[in-house]
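Please walk through this model with the structure open beside the text, taking one element at a time.

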Amino acid sequence: MTIDVVTDLLRSALVTALVISAPVLLVAIVVGLVMSVLQTVTQIQDQTISLVPKIIAVLFAMLLVLPWALGRITDYSTRLFESIPSSFL
């Protein structure tokens, strides 16, 4: 196994992880921003007010993204296992 193969496998794993985590992170950022603006407008500065909606939104986003994410992970794993014999030649 050459350094090019290892580098390509690592790059592919990192890209897959970033693509899978991006939708959930974007939901968390948007909900956090909306809650921050809402707290600023209403002048309520309690930390738990922004935490609960963010947790609910992230869980809901994870449920929505789960089938797609599992498909991406399955595709990556299949490509990885299929490339094992050729990477040692």
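**The buried side of the opening helix**

In this predicted model, the residues of helix α1 that count as buried are Ser12, Thr16, Ile20, Val24, Ala28, Val31, Gly32, Met35 and Gln39. The helix that carries these residues runs over residues 3-42, and its 40 residues reach 56 Å from the first C-alpha to the last, which is close to the 58 Å expected at 1.5 Å a residue. That span should be read together with a local irregularity, since α1 has a kink of about 40° at Ala22, shortly before the proline Pro23.

Ser12 is a useful place to begin on this helix. Its relative accessible area is 14%, and it is therefore classed as buried, because the class takes in values under 20%. If residues up to four places away in sequence are not counted, Ser12 touches Tyr76 and Arg79.

Also in α1, one finds a charged pair: Asp8 forms a salt bridge with Arg11, and the closest N and O atoms of the two are 2.9 Å apart. Side chains of opposite charge can pair when their charged atoms come close. Asp8 and Arg11 both belong to α1, where they stand three residues apart, or about one turn of the helix. The structure holds one salt bridge, and Asp8, with a relative accessible area of 40%, is partly exposed.

Where α1 ends, the chain reaches Gln43, a residue with a positive phi near 60°, and this value occurs although Gln43 is not a glycine. Gln43 sits in the loop between α1 and α2. Is Gln43 buried or exposed? At 67% relative accessibility, Gln43 counts as exposed, because the limit for that class is over 50%.

Beyond the loop comes helix α2, which covers residues 47-87. Ser50 is part of this helix, and with a relative accessibility of 14% Ser50 counts as buried. Which residues does Ser50 contact once its neighbours within four places in sequence are left aside? They are Met35 and Gln39, both of which appear among the buried residues of α1.

Pro53 also lies in α2, and a relative accessible area of 28% makes Pro53 partly exposed. With its neighbours within four places in sequence again left aside, Pro53 is in contact with Val31 and Met35, and these two residues are likewise listed among the buried residues of α1. Met35 thus serves as a link in this description, since Met35 is a contact of Ser50 and also a contact of Pro53. Pro53 may also be set against Arg79, a residue already met as a contact of Ser12: Pro53 and Arg79 are separated by 26 residues in sequence and by 38 Å in space, C-alpha to C-alpha.

The final stop is a stretch of surface. Leu51, Val52, Ile55, Ile56, Leu59 and Met62 form a nonpolar patch there, and together these residues have about 570 Å² of accessible area. One of them, Leu59, lies in α2 and counts as partly exposed at 49% relative accessibility, because only values over 50% are classed as exposed.

Terms used: Residues numbered from 1 in each chain as written. Predicted model: local features only at pLDDT ≥ 70, side-chain atom pairs only at ≥ 80, totals over all residues. Heavy atoms only, no water. Helix = DSSP H or I, 4+ residues; strand = E, 2+ residues; numbered from the N terminus. Buried < 20%, exposed > 50% of the residue type's maximum accessible area, 1.4 Å probe, protein only. Contact = heavy atoms within 4.5 Å. Patch = residues over 30% accessible without salt bridge, like charges linked within 9 Å, V, L, I, M, F, W, Y side chains within 5 Å. Areas by Shrake-Rupley, 256 points an atom, 1.4 Å probe, with all protein chains shown as cover. Salt bridge = Lys/Arg side-chain N within 4 Å of Asp/Glu carboxyl O. Expected span 1.5 Å × (residues − 1). Bend = angle between axes of the 7 residues up to and from the residue.
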